[in-house]
Amino acid sequence: MRKKIRYDRLMIVGLVCILVMSIFIYMLTQRKQEHVYSGNIETYIGTYRQNDKVYTFDLKAFIENDQYYISLNDMYNMMIILDEKSKVFIDQNKHVLTYQLSQIDYHFDYGHDKIVYNNDCIDLNKKNDHIYIYHKNVYISVYYIEKLLLNNEKKIKFENKNAIIA
């Protein structure tokens, strides 16, 4: 009888250890990791033309791995011109910046480097890219801004200290 009690205790301790290890592995895979940019940020004058009007706004950007990264916080100035119903929300606890447009919502999960929209997800880690944070601004590659927010209809060109959106 005494050996059976020890065997039961050994099984319970073994199961508890497996449970604790499973929880630890799950927490490691689900952790949020922000990519904080530490270089120089340049301020460009963003120019956009619509309905015979020229709109200008400040646009913070930097170059990393031969790609321009633009502040999504600053892109809101242009998105409000394109879609008057657009709104931007940031949830710092969940590490998500949300662009709520009249037709679609984009969730930029900078804690997991993912862009979620229309039940679709772009995992930037798999593409060897990141969403960067710098002083509460969220930066993403121009490629994704042109592809998602501008629907491949407009391009962003950088010349000197100007960012021309055409």
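How many salt bridges does the structure hold? The structure holds 3 salt bridges, and this tour visits each of them, together with the aromatic rings and the helices. Please keep in mind that the model is predicted.

**Stop 1: the whole chain, coloured by confidence**

Begin by colouring the chain by pLDDT. The mean value for the chain is 89, and 97% of its residues reach 70 or more. Select helix 1, where confidence is lowest, at a mean of 82. Then select strand 4 (residues 67-71), where confidence is highest, at 95. As a general caution, where pLDDT is low, the predicted coordinates should not be read in detail.

**Stop 2: helix 1**

Remain with helix 1, which covers residues 2-30. Select L19, I23, Y26 and M27, which make a nonpolar surface patch of about 460 Å². Within this patch, I23 has a relative accessibility of 45%, so I23 counts as partly exposed.

**Stop 3: E42, K161 and Y44**

Next, select E42 and K161. These residues form a salt bridge in which the closest N and O atoms are 2.2 Å apart. The pair links distant parts of the chain, as E42 belongs to strand 2 (residues 42-50) and K161 to the loop between strand 12 (156-159) and strand 13 (162-165), 119 residues apart. Both partners are partly exposed: E42 has a relative accessible area of 30%, and K161 has a relative accessibility of 43%.

Now add Y44 to the selection. K161 lies over the face of Y44, at 5.9 Å from the ring centre. K161 therefore appears in two contacts at this stop, the salt bridge with E42 and the position over the ring of Y44.

**Stop 4: D74 and K60**

Select D74 and K60, whose side chains meet in a salt bridge at 3.2 Å, N to O. D74 lies in helix 2 (residues 72-82) and K60 in strand 3 (residues 53-64), so this salt bridge ties together parts that are 14 residues apart in sequence. Is each partner buried or partly exposed? D74 is buried, with a relative accessible area of 10%, whereas K60, at 25%, counts as partly exposed.

**Stop 5: helix 3 and its surroundings**

Select helix 3 (residues 142-149). Of its 8 residues, 6 are buried, so the helix is largely enclosed by the rest of the structure. The buried residues are V142, Y144, I145, E146, L148 and L149. After helix 3 comes N151, whose phi is positive, near 55°.

Keep E146 selected and add K155. Their side chains meet in a salt bridge at 3.8 Å, N to O. E146 is buried, with a relative accessible area of 10%, while K155 is partly exposed at 44%.

**Stop 6: the aromatic rings**

Finally, display the aromatic side chains. The count comes to 14 aromatic pairs. One of them joins F62 and Y69, whose ring centres are 5.2 Å apart and whose planes meet at 5°, so the pair is stacked; planes under 30 degrees apart count as stacked. F62 is buried, at 2% relative accessibility, and Y69 is buried with a relative accessible area of 2%.

Which residues do ring pairs link into a cluster together with F62 and Y69? To display the cluster, extend the selection to Y37, Y132, Y134 and Y139, which ring pairs link with F62 and Y69.

Notes
Residues numbered from 1 in each chain as written. Predicted model: local features only at pLDDT ≥ 70, side-chain atom pairs only at ≥ 80, totals over all residues. Heavy atoms only, no water. Phe/Tyr/Trp six-rings, centres within 6.5 Å; stacked < 30°, edge-to-face > 60°. Buried < 20%, exposed > 50% of the residue type's maximum accessible area, 1.4 Å probe, protein only. Lys NZ or Arg CZ within 6 Å of the ring centre and 35° of its normal. Patch = residues over 30% accessible without salt bridge, like charges linked within 9 Å, V, L, I, M, F, W, Y side chains within 5 Å. Areas by Shrake-Rupley, 256 points an atom, 1.4 Å probe, with all protein chains shown as cover. Salt bridge = Lys/Arg side-chain N within 4 Å of Asp/Glu carboxyl O. Helix = DSSP H or I, 4+ residues; strand = E, 2+ residues; numbered from the N terminus. pLDDT = per-residue confidence, 0-100.
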